[in-house]
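Work through the exercises below with the sequence and the model open. Each task is followed by a solution in steps.

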Amino acid sequence: MKKNNNQYCVGLQPLLLSGLIITSSTLLADDVSKYGVNKKPHFIRGDIIETYYDGITDDLATAGLGVSGLQLFDGPVPDDRLNPTTAELRRLAIHTNYRALIDPTTAGGFGRIYGPNIKADGSVGQGLVSGYEVLGYAGPLNITMMVQIPDSFDPDEPCIVTAPSSNSRGVYGAIGTVGEWGLKNNCAITYTDAGKGSSAYSLQNHKATLIDGRLEDADIALHDAHFIPKLSDERREQYNEQFPHRVAFKHAHSQKNTQRLWGKSVLQSIKFAFYILNEKYGKIDGKGRHRKTIRPDNTIVIASSVSNGGGASVMAAEQDWQGLIDGVAVSEPNVTPIYNPSFSIVQGDAEPLFNHSLSLADYGTLLNIYQSCANAAPENANAPFVLPQFGVIPCSVLHNKGLLQSTTLAEQSTEAQKVINDYGILHEQNIVQPSHWNISIPQAIAVNYPNSHGRFSVAKNLCGYSFAAVDDNNRPTELPAVVHNEYFSRSTGIPPVAGIVLVNNNSLGGASENTVSISPSSGQFDQNIDGALCLRTLVTGVDVLDENNNISKQQKRYHRRIQKGIHQIRATGKLRGKPAIFVTGRSDGILAPNHSSRAYFGLNKLTDHSSRLHYYEVVNAHHLDALNAFPGFNNRYVPLHHYFLESLDLMFDHLKNGTTLPASQVVRPIPRGLGTDNSVSDLEIAVHLPAIAAKPHAQNLIEFKDHQVRIPD
C-alpha cells in the first residue's frame, strides 16, 4: 500500500506550461532537496499539447456528449467534413471508441450498471469530467502518448492507471473501458496507441495523419506525421502505377514489429504521466524548478486495459525493472506466452491440451482457411449474423484441395469446425465466430499480424493482399476525402473498417474486395483461399497442399522473418511478484483462452515462484461486448466489461487497503435469455451478474496442480 505524505506549504506560484497557466506549491530549495528535478522524458519529442476541458461544454470522458450522446447510433458529424476541426475529430473518435467495445444500450446496462455517469459513490448524471488532457509523441516511431488528469485528482493520494489501446485503435481506444474507470476513481489515466493507431496513409495522395487526427501533406508533415511508410518517391510512384489507390497502416506496415514495443510503450506512458503530474503538482524549489514529489513510491499505479492493450500492460509489468507498476488488472489480454511443454491445460473431464501457447498469427491464419466453411455447420445454424450459404463454395474448394475428406456440405462444415476446435480453440466460441467472419475479423488478423511480425513493407503486398477504398463494383478506387479526413475518428482497428477494406490483388478479372474475389486456383468466389493458404504457409513454414512441403526459398525466408517476430513478442510469464488479475470470457472468439490467458496462467505458475496472478474466467461472455446490443447476442451473453470493472475495483482496494484478492475461479453469470414472446429482459446485477466470489466454491476453483491448469466446466 502506498501513501503520499507530502505536506504543501502556503503560497502558490504560477507555472506557464505550453501556454497553460497552472499552479504549484512553492518551497525553499532545502525543503525539497531530497526530490529530483522534474525533467521532460528523453523519449518525448516535439511539442506537448495541453487542453483543459470544463466538464460542461466539453470533457475528458465523453467529449461533451454525455451518456445520452454516446448512445446515439450516429456519431457527431463535423460541420465541414472536408475541413474537420481538432475538437470535432476528437469528439467523433471518443464516440466511436466508446461504442466499439461496450454495449451502449440501456437494456444491456449502459447508463444503469456501467458507463461514465455511474459514479463510484452511486450517483448518476451525464458523466462529464473536467480536467486536463495532454498529448505528446514518443520517438523515434511517434508513438502517441496521452495523459488525462481529472480535476478530482488528489496529489496527496495519487493514482495512475495505464490505458494502452486495444486492437489497432488510436490513442482514444481505451477511453470507454479503463479510461472511464480511472476518471471516476480520481486517477490520472495514461494512454498510448503503442505503435498502432487509427491513421491511414494514402500512397496515392501522399497524405498522412497528425497527432490530433488532421491530415497533412506528408512532405510538409514529415516528423510530425503519425506514420509515413519507408518508400522512396520513385518506389512509391512505381507502386502507385501498378497498384493505385492503396493505403498503408502503421501496425501492419511500419516494418518495426511494434508489438515487441508494447510493454516499453506502456512504461514510457507511465513516465510521461509522472512528468506531467509533477509539472502540475510538484513542489517548486528556490530556483523555480519542479521536483518529483509524485513518484512511484507514493503513487498507486495499475497497469490495465483490454485485448491488445491488456497484453501491452502485461508485457510492461514483465519488463518493469524500475518498479513503476504496483498491480495489473486486465481483460482478455493478447499475450503470447513462451511455449512450455511441461504443463497442460484441462477443462473439466476433457483430454489434456499440450499444444497451447500458439500465436494469434498461427491460429488466426488457420481460421482464415476453415471458418468460412465452418459457418455452414449444423451446430452454427442459429448463430447470430451467420450466412451459411457463403460457406458452400469454400467447403467444396477445401474438399477439392484435399483439406477436407467429407463429401456432403453438412459433413464438410462439421469437419472444418472440428479442425478449428482440435487446434485448441474452445467449443464455446463456435457460435460467436460466424459473426466475426462476416465482419472480416479473422481475415484482418491473418493479414495484419504476419505483415507486422515479418516487418514487410506495404509495397510487398504480402500474399497478394492490400488495403483500399472500393467502388460499387468492389474495385480499388480513390480514397474519398471525407473517408480519409474522418478515418482517425471512425476507425476501430484493423481494416476493413471505416470505408477501407481488404483487397485481393490476385483476383481473376482484377483486384477486388477480398470476400467477393475470385481465386485463380479454383476460379470461384471462395473468399480468397489462395491468399489464405499463402499466409498459412508463411506463418507455419508448411505447405498443407504439398505432402513433400516443397516451399520456395522466398517462402522459407519470409517464414523465418515472421517466426523471429513472433519470438520477439512472446511473454515470459514472470510478473516480478506483482499482484495481477486476468479476466477472460470463455466464449472469446478472437483471443483463444488456451493460447493466451489460460496458457499464461500456467506459465506464470510454473516459472514465477512469487506468482500473485489471479485468473477469473467468465462463462457466457466473449470478446466484443459491443455485439451484445444485437439480437442473438443480447440473450446469450453478459458484458465481460462488468467483470473487468470489478477486477479494477478489487485491485485498487488491494493496493490501497491491503484487502485479499479472490482466488482464481470460474464466474457463472446468467444470460438474459428469451421470453415467451422472444423478448429479452433488461440486464440486472442481482439477477444476471453474480460477483467474483471472495471465497469461491470448490467446483469453481481454477488451479495449477501437477503441471496442469485445471479449469472447471
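Axes are lines fitted to C-alpha atoms, for helices over the stretch in contact, and angles run from 0 to 180 degrees between N-to-C directions. Helices (H or I, at least four residues) and strands (E, at least two) are DSSP runs, numbered from the N terminus. The model is predicted: local features need pLDDT of at least 70, side-chain atom pairs count only at pLDDT 80 or more, and totals for chains, interfaces and linings use all residues. Residues are numbered from 1 along each chain as its sequence is written, and side-chain values use heavy atoms, with hydrogens and water left out.

**Exercise 1. Describe how helix H3 and helix H18 cross, and list the residues in contact.**

Step 1. Helix H3 covers residues 175-184 and helix H18 residues 640-657; their axes come within 11 Å and cross at roughly 35 degrees.

Step 2. The crossing of H3 and H18 is right-handed. A crossing is right-handed if the near helix is turned clockwise from the far one by less than a right angle, and left-handed if anticlockwise.

Step 3. Contact means heavy atoms within 4.5 Å. On the H3 side the contact is made by Gly176, Thr177, Val178, Glu180 and Trp181, and on the H18 side by His641, Phe644, Leu645, Leu648, Asp649 and Phe652.

Step 4. Sorted by class, the contact of H3 with H18 has six nonpolar, three polar and two charged residues. Here Ala, Val, Leu, Ile, Met, Phe, Trp, Tyr, Cys and Pro count as nonpolar, Asp, Glu, Lys and Arg as charged, and the others, Gly among them, as polar.

**Exercise 2. Do the same for H9 and H13, and classify the angle.**

Step 1. The axes of helix H9 (residues 360-374) and H13 come within 8 Å and cross at roughly 140 degrees.

Step 2. That angle makes H9 oblique to H13. Angles under 35 degrees count as roughly parallel, over 145 as roughly antiparallel, 65 to 115 as roughly perpendicular and the rest as oblique.

Step 3. H9 passes H13 in a left-handed crossing.

Step 4. From H9, the residues Leu360, Ala361, Gly364, Thr365, Leu367 and Asn368 meet Pro442, Gln443, Ile445, Ala446, Tyr449, Pro450 and His453 of H13. By class, the contact of H9 with H13 has eight nonpolar, five polar and no charged residues.

**Exercise 3. Find the cis peptide bonds at Pro140 and Pro496, and place each proline.**

Step 1. Most residues other than glycine have a negative phi, and most peptide bonds are trans.

Step 2. The bond from Gly139 to Pro140 is cis, with omega near 0 degrees. Pro140 lies in the loop between strand S4 (131-138) and strand S5 (143-150).

Step 3. Pro495 and Pro496 are also joined by a cis peptide bond, and omega is about 15 degrees. The loop that holds Pro496 runs between helix H14 (481-490) and strand S18 (501-504).

**Exercise 4. Are Cys463 and Asn549, which have positive phi, buried or exposed?**

Step 1. Buried means under 20% relative accessible area, exposed over 50%, and partly exposed in between (1.4 Å probe, protein chains only).

Step 2. Cys463 has phi near 55 degrees and sits in the loop between helix H13 (441-453) and strand S16 (465-470). Its relative accessible area is 12%, so Cys463 is buried.

Step 3. Asn549 has a positive phi of about 50 degrees; its loop lies between helix H15 (529-540) and helix H16 (553-568). With a relative accessible area of 29%, Asn549 is partly exposed.

**Exercise 5. Describe the surroundings of Gln665 and Val618.**

Step 1. Gln665 belongs to strand S23 (residues 665-667) and is buried, with a relative accessible area of 2%.

Step 2. The side chain of Gln665 reaches the backbone oxygen of Ala693 at 2.9 Å. Not counting residues up to four places away in sequence, Gln665 touches residues including Tyr615, Tyr616, Glu617 and Asn700.

Step 3. Val618 is in strand S22 (residues 613-618) and counts as buried at 0% relative accessibility.

Step 4. Beyond residues up to four places away in sequence, Val618 touches Val583, Thr584, Gly585, Arg586, Leu640, Tyr643, Val667 and Pro669.

**Exercise 6. How many residues of helix H8 are buried?**

Step 1. Helix H8 spans residues 308-318, and eleven of its eleven residues are buried, so H8 is largely enclosed by the rest of the structure.

Step 2. Among the buried residues of H8 are Asn308, Met315 and Glu318.

Key
Polar contact = N/O pair within 3.5 Å; in protein donor to acceptor, adjacent residues only side chain to side chain.
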